[in-house]
Amino acid sequence: MTDSEFKRLLSTPDKLSGPYLFFGEEELVKSRYAEMLAAAVCGEDTFSRTVLDGDSTSPGELEAAVAAFPMMSERNFVHLRAAPVSSWKDAQLPEYIAVFGRTKDYPQTVLLVTADASADFGNVAKNKPNTLYKKLSAVLETVQFDRKGGAQLRRWVERHFTAAGVPFGYNTADALISRSGSDMFVLSGECEKLIAYSKSHGECEITPETVDFVACPDLSEEAFALSNAILSGDRAAALDALSKAKNRREEPIALLYSVSKVMSDMLSVATYASAGMTKQEISKKLKMHEYKTGLYMRAAGNDTVKLERSINRCLEADLAMKSSTLGYIALERLICG
């Protein structure tokens with residue numbers, strides 16, 4: 001089932017019976033639809049809502065919550081949040097599947113399981129699911145939340161501005177997506193900033209120029225490219241990445257923060273990898289997407305000494321920025337040092 005199909009189902013609460021599995025990259029939409037499902041099942045009765053942490057809830061604890069009777073409404077809503085389904089051990093998975101299969105014995109409860117960001121179900125969209133997906137979809141009604149893009153994401157941004165009643169230019173949404181990325185959590189916050197700016201200036205029109213002035217840039221990819229170049233000793237590539245950041249007028253301190261964060265994450269990944277942990281185990285431990293974990297493992301290897309040295313140099317650059325007007329010069333020294 002797609003998120004659009006599930007949205008239509010929400011309009012008929014009596015047909016909501018569960019259990020459901022939410023999966024996919026779009027975390028913001030998953031969280032909002034989880035709240036909409038809870039409201040459709042038990043209204044404003046918060047006593048009949050139970051939210052469980054997927055990392056720390058056993059199959060037995062989950063079934064106990066599902067078997068409970070509602071307090072002040074006709075039905076319960078139980079949410080197993082951020083379930084690390086790809087990391088469930090061979091002994092755990094059959095136990096959880098058995099619990100999911102027995103939910104029909106508890107018609108008073110609607111169960112929702114949201115898979116965490118590391119969940120790997122194969123390519124469901126192209127009808128090439130893996131074994132894990134096949135096992136879970138046999139006992140859970142699956143709802144996929146794909147990353148939005150293109151015209152669909154542009155309309156989503158524009159609806160934020162329209163709902164707030166602020167004027168905006170034709171290319172404003174595209175400008176925001178280009179500057180801040182396509183993550184809906186990030187875009188939602190940037191939309192609120194732009195709306196607040198517009199209202200504080202007499203509901204002025206939000207234009208691409210406003211976006212450049214107010215919205216924060218997405219530095220994750222640039223920060224990784226710069227960090228990777230620094231670690232590998234590729235000064236030409238590092239200086240090229242820095243030059244591009246200059247041309248975009250990125251704040252030096254913000255860029256340094258992003259580089260430091262990437263290196264710190266790399267160090268955590270490398271430390272666990274040197275201890276013999278697998279990519280899946282590291283991803284679960286750090287609550288990091290498996291793709292990013294693999295990327296960092298390949299870039300950093302197990303050389304924690306080089307990473308620690310680079311992070312210390314980032315600290316020195318940070319102190320230099322904050323105690324002088326060096327700006328980009330501190331970053332150039334970091335690269336060439």
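This is a short walk through the fold of one protein, helix by helix and then residue by residue.

Okay, hi everyone. Before anything else, please keep in mind that what you see is a predicted model.

Let's begin with the whole chain. The protein has 337 residues, and 43% of them are buried. If you trace just the C-alpha atoms, the protein spans about 65 × 55 × 40 Å along its principal axes. As for secondary structure, we have 16 helices and seven strands. How much of the contact comes from residues that are 24 or more positions apart? Among contacts with a separation of 6 or more, the share is 73%.

Now some helix packing. Find helix 1, which is residues 3-10, and helix 2, which is residues 27-42. Their axes sit 11 Å apart, and the packing angle is about 20°. Because anything under 35 degrees counts as roughly parallel, helix 1 is roughly parallel to helix 2. The crossing of these two is left-handed. Who touches whom here? On the helix 1 side you have Asp3, Phe6, Lys7 and Leu10, and they meet Val29, Tyr33, Met36, Leu37 and Ala40 of helix 2. Sort that contact by class and you get seven nonpolar residues, two charged ones and no polar ones.

Stay on helix 2, but turn to its meeting with helix 8, residues 184-200. Here the axes come within 7 Å and cross at roughly 80°. That falls in the 65 to 115 range, so helix 2 and helix 8 are roughly perpendicular to each other. From helix 2, the residues in this contact are Glu27, Leu28, Val29, Ser31 and Arg32, while helix 8 brings Met184, Phe185 and Ser188. The mix this time is four nonpolar, two polar and two charged.

Helix 8 has another partner to show you, helix 7, residues 172-180. Their axes are 11 Å apart, with an angle of about 125°. What do we call that arrangement, helix 7 against helix 8? The angle is outside the parallel, antiparallel and perpendicular ranges, so helix 7 is oblique to helix 8. The crossing is right-handed. Leu176, Ile177 and Ser180 of helix 7 make this contact with Val186, Leu187, Glu190, Cys191 and Leu194 of helix 8. By class, six of those are nonpolar, one is polar and one is charged.

Okay, on to single residues. Click on histidine 160, in helix 6, residues 150-164. Is histidine 160 buried or exposed? Buried means under 20% relative accessible area, and histidine 160 has 15%, so it counts as buried. Skipping neighbours within four places in sequence, histidine 160 contacts Arg32, Ser188, Cys191, Glu192 and Ile195. Some of those names should ring a bell: Arg32 and Ser188 came up in the contact between helix 2 and helix 8, and Cys191 in the contact of helix 7 with helix 8.

Cysteines next. Cysteine 42 is buried at 6% relative accessibility, and cysteine 314 is buried too, at 2%. A disulfide, in general, is a covalent bond between the sulfur atoms of two cysteines. How many disulfides does this model have? The count comes to zero.

Now two residues with a backbone angle worth a look. Alanine 82 has a phi near 50°, which is positive even though the residue isn't glycine. You'll find alanine 82 in strand 3, residues 76-83, and at 36% relative accessibility it is partly exposed. Asparagine 127 also isn't glycine, and its phi is positive, near 60°. Asparagine 127 sits in the loop between strand 5 (122-123) and strand 6 (128-129), and it is exposed, with a relative accessible area of 67%.

Last stop, a pair of distances. Proline 217 lies in the loop between helix 9 (208-214) and helix 10 (220-232), and it is partly exposed at 24%. From proline 217 to serine 324 is 107 residues in sequence and 24 Å in space, C-alpha to C-alpha. Then there's glutamine 280, in helix 13, residues 279-286, which is partly exposed at 34%. Glutamine 280 and valine 166 are 114 residues apart along the chain, and their C-alpha atoms are separated by 45 Å.

That's my tour, thanks for listening!

Technical notes
Residues numbered from 1 in each chain as written. Predicted model: local features only at pLDDT ≥ 70, side-chain atom pairs only at ≥ 80, totals over all residues. Heavy atoms only, no water. Disulfide = S-S within 2.5 Å. Buried < 20%, exposed > 50% of the residue type's maximum accessible area, 1.4 Å probe, protein only. Helix = DSSP H or I, 4+ residues; strand = E, 2+ residues; numbered from the N terminus. Axes fitted to C-alpha atoms, helices over the stretch in contact; angles between N-to-C directions. Parallel < 35°, antiparallel > 145°, perpendicular 65-115°, else oblique. Left-handed = near helix turned anticlockwise from the far one by under 90°. Contact = heavy atoms within 4.5 Å. Nonpolar A, V, L, I, M, F, W, Y, C, P; charged D, E, K, R; others polar.
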